[in-house]
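Visitor: I have a structure open in front of me and would like to learn how to read its features one at a time. Could we go through them together?

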Amino acid sequence: MLQFKEIITPVDFIVTIETTLKEAITLMYQKKWNLLPVTDSSRHPVGVFTRSSLHQMVTEETPLSTPIKHYIKKQVEKISVDTPYEKIEEIVKNSQVGTGVVVDKLNRVVGILTKTDMVMSLLQTSQELQTIKKLKRTLETAIDHAFDGIVMTDEKKVITMVSPPLLELFNLPLDGVLYKPALKVLPQLDLEKVYETETAEVSGFLEINGIKYIVHRIPILEDEKVIGAIGKVVFRQLNEVSELFKKLQKAENKANFYHQQYQKSETARFTWEHILSTDPLMEKLKKSGAKAAKGRSTVLIRGESGTGKELFAHAIHNSSARSSGKFVVVNCAAIPEDLLESEFFGYEEGAFTGARQKGKLGKFDLANGGTLFLDEIGDMSLSLQAKLLRVLQEREFYRVGGTAKIKVDVRIIAATNRNLEEMVKEGLFREDLYYRLNVISLHIPPLRNRPYDIDHLISQFMIEFNQILGTSITGIENQAREVMLSYEWPGNVRELRNVMERAMTFSETGKIKYEDLPDYLIKKVPINEPALNVSMVENAELEAIKKALVQVQGNKVKAARLLGISRSGLYEKIKKYKLV
């Protein structure tokens with residue numbers, strides 16, 4: 001029979017009350033533990049240093065050299081190394097603490113036992129239980145109380161058990177995993193290794209949809225032969241300790257960090273791959289932008305606020321012959337009118353009261369040989385419009401307070417959400433400048449006219465914010481998705497991105513729920529109760545149709561073929577589910 005001491009995690013280091021915060025952070029990061037047992041010189045337990053204690057010290061900005069003694073929790077949940085398995089089962093059910101400290105008969109710390117380790121012990125000894133009924137009850141208890149993902153395979157490497165958190169993480173249905181070869185449905189876990197090595201091992205950091213995780217691979221041995229394997233996937237708390245470790249590294253490299261940020265300040269950061277879309281019109285627009293990038297002509301990017309005009313400008317620069325030059329951004333609406341001219345053209349020494357002694361280079365100087373992006377150009381004053389036109393025509397300018405002509409080679413990309421044609425009629429925008437800017441015009445459609453992009457962007461932002469926020473969101477519930485698909489999105493992609501960040505921050509489960517969405521959005525989109533009460537079969541059918549339409553970019557003939565139904569049948573279902 002497997003002994004309890006064989007499945008505990010041994011403690012191969014000593015943490016005392018004099019251990020420093022820096023040492024504790026490093027240990028928790030390296031071991032990937034949420035708790036460190038603290039002992040005296042005889043290895044007798046005196047307390048524990050927990051993740052919440054670590055958070056408290058970091059929040060209070062405690063120096064890294066500070067001993068942890070004042071932050072230790074004296075209440076220790078101790079487990080004797082000879083605890084019977086019946087007792088372990090009770091601990092799994094009732095313990096409020098995620099980790100217990102294991103001691104020997106002399107009350108010396110020999111290891112730790114997490115809830116997941118407890119689950120492992122039950123799984124690995126399940127074949128020794130006396131009846132099938134008791135086996136089923138015990139294993140179900142273990143699975144229900146497991147915080148992270150668990151999968152179990154038999155001697156043929158076929159999956160015989162899997163926990164709900166693991167299915168959520170990899171977005172897999174139970175019937176698509178159970179009794180299937182592990183290599184086929186969960187190749188990421190690489191469980192086959194332990195069948196060859198017969199040794200337990202821990203993977204490095206892996207990632208799926210922006211969520212970092214590690215895999216504990218454990219062989220199940222009988223008579224020195226591997227008869228199965230257990231995979232323990234830990235993902236729900238890794239980001240928190242990892243972020244604290246990053247803060248330590250960041251503090252030690254602060255000067256270098258700010259230097260790198262400054263270096264990036266005049267650089268285009270985005271390419272065409274960063275413009276996320278499955279909409280055919282957007283794909284055509286990206287191709288047009290890529291073609292325009294090859295030339296020298298001025299490009300005017302138009303569209304509502306939040307559609308991604310600046311991303312297009314970045315991508316045009318990065319795919320042009322000027323990509324090695326500077327990409328300088330000027331927001332014409334954000335700079336006071338009386339400062340715009342000096343911002344554009346710079347000024348000479350003593351040009352005006354308060355000017356720098358040695359003068360200042362303007363944006364045209366900085367962008368020489370590269371690209372100048374004029375955002376919100378519709379907000380530029382008429383007097384500055386005239387001076388900008390001169391630069392575009394003659395490729396030269398005067399600094400404020402200067403008399404010497406400055407030659408410049410700059411490509412202009414402009415953007416606006418305003419109606420320039422109406423402004424020209426009203427005398428608010430120079431007609432000659434309008435025609436000079438409108439050589440190549442790209443109009444980005446609003447998100448409400450790109451319905452298939454909403455679902456696509458939800459998935460992409462979920463991956464992005466899992467990385468940024470350290471969350472483990474694996475999906476969005478149908479009711480929340482229906483509301484988001486029905487909303488008009490006046491703020492376009494920027495608004496959708498903000499809503500996703502808010503929803504993922506507020507979500508307390510593995511999925512975004514209806515109540516995680518902001519109130520203003522919910523109020524504007526009434527809940528369609530009949531649509532929410534469809535049967536499970538209808539719901540699955542609806543999701544399949546949506547995915548097929550997205551995959552073929554709205555082509556109903558191809559979608560019907562992909563779904564294996566007639567075109568008329570597809571039209572009936574589209575009408576039924578009100579997808580038109």
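Visitor: Before looking at any detail, what pLDDT does the protein chain average, and what share of the residues score at least 70?

Guide: This is a predicted model, and the protein chain averages a pLDDT of 81, with 81% of the residues scoring at least 70. Where pLDDT is low, the predicted coordinates should not be read in detail.

Visitor: Where in the protein chain is confidence lowest, and where is it highest?

Guide: Confidence is lowest in helix α10, residues 254-263, with a mean of 40, whereas strand β13, residues 299-302, has the highest, at 95. Over residues 254-265 pLDDT stays under 50, and for that stretch the model has one contact beyond four places in sequence. Residues 529-534 also stay under 50, and for them the model has three contacts beyond four places in sequence.

Visitor: Let us turn to helices. Which residues of helix α19 are buried?

Guide: The general idea is that an α-helix has 3.6 residues a turn, so residues three or four places apart point the same way. In α19, which spans residues 478-486, the buried residues are Ala480, Arg481, Val483 and Met484. Looking down the axis of α19, one finds these buried residues within an arc of 160 degrees, so they line one face of the helix.

Visitor: How many residues does helix α20 have, and which of them are buried?

Guide: Helix α20, residues 492-506, has 15 residues and reaches 21 Å from its first C-alpha to its last, close to the 21 Å expected at 1.5 Å a residue. Its buried residues are Asn492, Val493, Glu495, Leu496, Val499, Met500, Ala503 and Met504. They cover an arc of only 160 degrees around the axis, which puts them on the same side of α20. The elements covering these buried residues include α18 (451-469), α19, β21 (511-512) and α21 (519-524).

Visitor: Is aspartate 453 buried or exposed, and what is it in contact with?

Guide: Aspartate 453, which lies in helix α18, counts as buried because its relative accessibility is 0%. Leaving aside neighbours within four places in sequence, aspartate 453 is in contact with Leu276, Ser277, Thr278, Asp279, Met282 and Leu447.

Visitor: How should I read a strand, and which residues of β7 point one way and which the other?

Guide: In a regular strand the side chains alternate between the two faces of the sheet. In β7, Gly149, Val151 and Thr153 point one way and Ile150 and Met152 the other, and all are buried. This agrees with the count for the strand, residues 149-153, in which five of five residues are buried.

Visitor: Which strands pair with β7?

Guide: β7 pairs in the antiparallel sense with strand β12, residues 225-234, over five bridges, and isoleucine 150 stands opposite lysine 232 in β12. Strand β8, residues 159-162, also pairs with β7 in the antiparallel sense, over three bridges, and methionine 152 has methionine 161 of β8 as its bridge partner. β7 and β8 form a hairpin with five residues between them, and lysine 157 in the turn has a positive phi of about 65 degrees.

Visitor: What should I make of a positive phi, and where is tryptophan 489 found?

Guide: Most residues other than glycine have a negative phi. Tryptophan 489, in the loop between α19 and α20, has a phi near 55 degrees, a positive value in a residue other than glycine, and it is buried, with a relative accessible area of 0%. Glutamate 198, in the loop between α8 (192-197) and β9 (201-202), has a positive phi near 60 degrees, but at 39% relative accessibility glutamate 198 counts as partly exposed.

Visitor: Finally, how many aromatic pairs are there?

Guide: The count comes to 13 aromatic pairs. The rings of phenylalanine 327 and phenylalanine 373 have centres 6.2 Å apart and planes at 15 degrees, so this pair is stacked. The pair links distant parts of the chain, with phenylalanine 327 in strand β14 and phenylalanine 373 in strand β15, 46 residues apart. Phenylalanine 327 is buried, with a relative accessible area of 1%, and phenylalanine 373 counts as buried at 0%. The rings of phenylalanine 345 and phenylalanine 364 have centres 5.6 Å apart and planes at 10 degrees, so this pair is stacked as well. Ring pairs link Phe344, Phe345, Phe364 and Phe397 into a cluster.

Technical notes
Residues numbered from 1 in each chain as written. Predicted model: local features only at pLDDT ≥ 70, side-chain atom pairs only at ≥ 80, totals over all residues. Heavy atoms only, no water. Buried < 20%, exposed > 50% of the residue type's maximum accessible area, 1.4 Å probe, protein only. Helix = DSSP H or I, 4+ residues; strand = E, 2+ residues; numbered from the N terminus. Arc of directions from axis to C-beta. pLDDT = per-residue confidence, 0-100. Contact = heavy atoms within 4.5 Å. Expected span 1.5 Å × (residues − 1). Pairing = 2+ DSSP bridges. Phe/Tyr/Trp six-rings, centres within 6.5 Å; stacked < 30°, edge-to-face > 60°.
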